[in-house]
Each structure stands twice: as C-alpha cells, then as structure tokens.
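Biologist: Could you take me on a close look at the largest pocket, please? I would like to know what lines it.

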Amino acid sequence: MCGRYASTRGPADLADLFDVTRRDPDEVLEPSWNVAPTDRVWAVLERADRESGAVERGLRTLRWGLVPSWAKSPAAGAKMINARAETVHEKPAYRRAFATRRCLLPADGFYEWEPVPATDGRKAFKQPYFISPDDASVMAMAGLYAFWRDPGVADAHDPAAWLATCTIITTEAVDAAGRVHPRMPLAIAPAHYGAWLDPGRQDPDELRSLLGTPAGGHLNARAVSTAVNDVRHNGPELLADPP
C-alpha cells in the first residue's frame, strides 16, 4: 500500500511541470513531508469547462481517501486510500472513476515501513524508508477521483455540497521498494500524461497499459527518521538519516 508520502512542490512549479492551463491562485497547500490519509493533496486532472465544453487541464486539491458518489458518508474514504491495479477496472468502488476520472498526484517520494525485531536493549519498532526517484524528479502517481454530494447541504451550487476525493493506484513492488514492502504506488510517464488524463479514453486495457513503475524503476530507498511515524510531525527533518 501507499499510506504516506511527501509533496513539497508549490502550485506554480507543478503547473509548469504538468502543463496546467487552469488553477485557482487562491487555492494553496503548505509543503508537506508527511502527507497522510484524509489530508488535502495536489492533483492534476482534465475536465470539460461548464460553459465552453472544452477539456482543460487543471491543478486543484482533493482529499486523500476516495468517497464514491453512492457512499452513505465521507467516512468510507478512510478505507479507500489505495486501489489495486489488478482489480481497479472492475471493483464497484473504483471502476467508474477508472473509466472517466483519472488524475495525477505529484509526489517527491513515498514512505514504507520495515519491522525491526526487539533486541536485549531495544523494543521492536518499524523503521520508515523514503522511496524516491534517483534523480529527484517529480513522481506522477496514478490516481482516481470522485465527487460525493453532501445531503446535508440543500443548495447543490454551494461548494460545501460537494466533497472531491482521490485514491492512489498500487501494484506489486519491485526493485528498491520491493525490498521494504510488497506493494507500491504506480506512476504515469510524462509521455503518457495526456492519454491517462483524457476523460474520453475509456478502454480498460489501454488505460492499464499506461501504468508504470515510478521513475522507470530507478528508485532509491533509504532509512529516515522514525519521527515520520507520527502524522503530527512534519518538516524536512523527517528525511534525516536515523540516529
């Protein structure tokens, strides 16, 4: 699974990296070295403009943890932070989003944990590893998004009436990531951004063929501070070598 990641690039940089043509300058997020489920995260997606009908590539925030439109409450999102690549096209919670609502979730890298057994002088603990591209390039994690209508808000035109959420697609881990944890997020290569984001493309086999290993498998996994284990901690010091 992917349950925590780092995303520190600002909206201006992300707009340039992903050729974004539409974003709200008032929508901001602080850099985060410890993105956790239910946090708001940056997402790149393509949607048709309501007036012109033209499809535009936008940068916006979504809440991590997908809430399908048919869910009874937003609480469903806590269990849907990841979607398995092997079944994402057929599971009821994800198949509609996989067909028409795909996004990219920019990341610097992601965290996984390796259990460390107890010794005579130390309790058992989980050692976090930060897994990131060797060249420090941005990871465009493959994601899906959905909109949930809050029945408690009467006016459908009120922004508060809608909750926009997302999930990260994962697969069996390979290379550096596989030495730490059996699952890892999938990513989309720059050459495939357009095809992945295009809501008009809906062939499951074609779409699944676009999913790839982040950085083409050129990943670095290194042990970092156990402070990242607590979601209340945030800052570049989380990437420091463990003592």
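Modeller: Happy to; here is the pocket, followed by its smaller-ranked neighbour in the list and the cores.

This is a predicted model, in which local features need pLDDT of at least 70, side-chain atom pairs count only at pLDDT 80 or more, and totals for chains, interfaces and linings use all residues. Residues are numbered from 1 along each chain as its sequence is written, and side-chain values use heavy atoms, with hydrogens and water left out.

A pocket here is an open set of points on a 1 Å grid over the protein atoms alone, where a 1.4 Å probe fits, with protein on both sides within 12 Å along at least five of seven lines; lining residues have an atom within 4 Å of a point. The largest pocket holds about 960 Å³ of space, the volume being that filled by probe spheres set on points joined across faces, edges and corners. Its lining has 25 residues, and nearest the centre lie Arg22, Arg47, Arg50, Arg60 and Phe147. By class, 13 lining residues are charged (Asp, Glu, Lys, Arg), nine nonpolar (Ala, Val, Leu, Ile, Met, Phe, Trp, Tyr, Cys, Pro) and three polar (the others, Gly among them).

Strands (DSSP runs of E, at least two residues, numbered from the N terminus) contribute too: E2 (22-23), E4 (40-48), E5 (55-64) and E11 (162-172) each supply at least two lining residues, and E5 gives the largest share, four.

The second largest pocket, with about 280 Å³ of space, is lined by 13 nonpolar, five polar and no charged residues.
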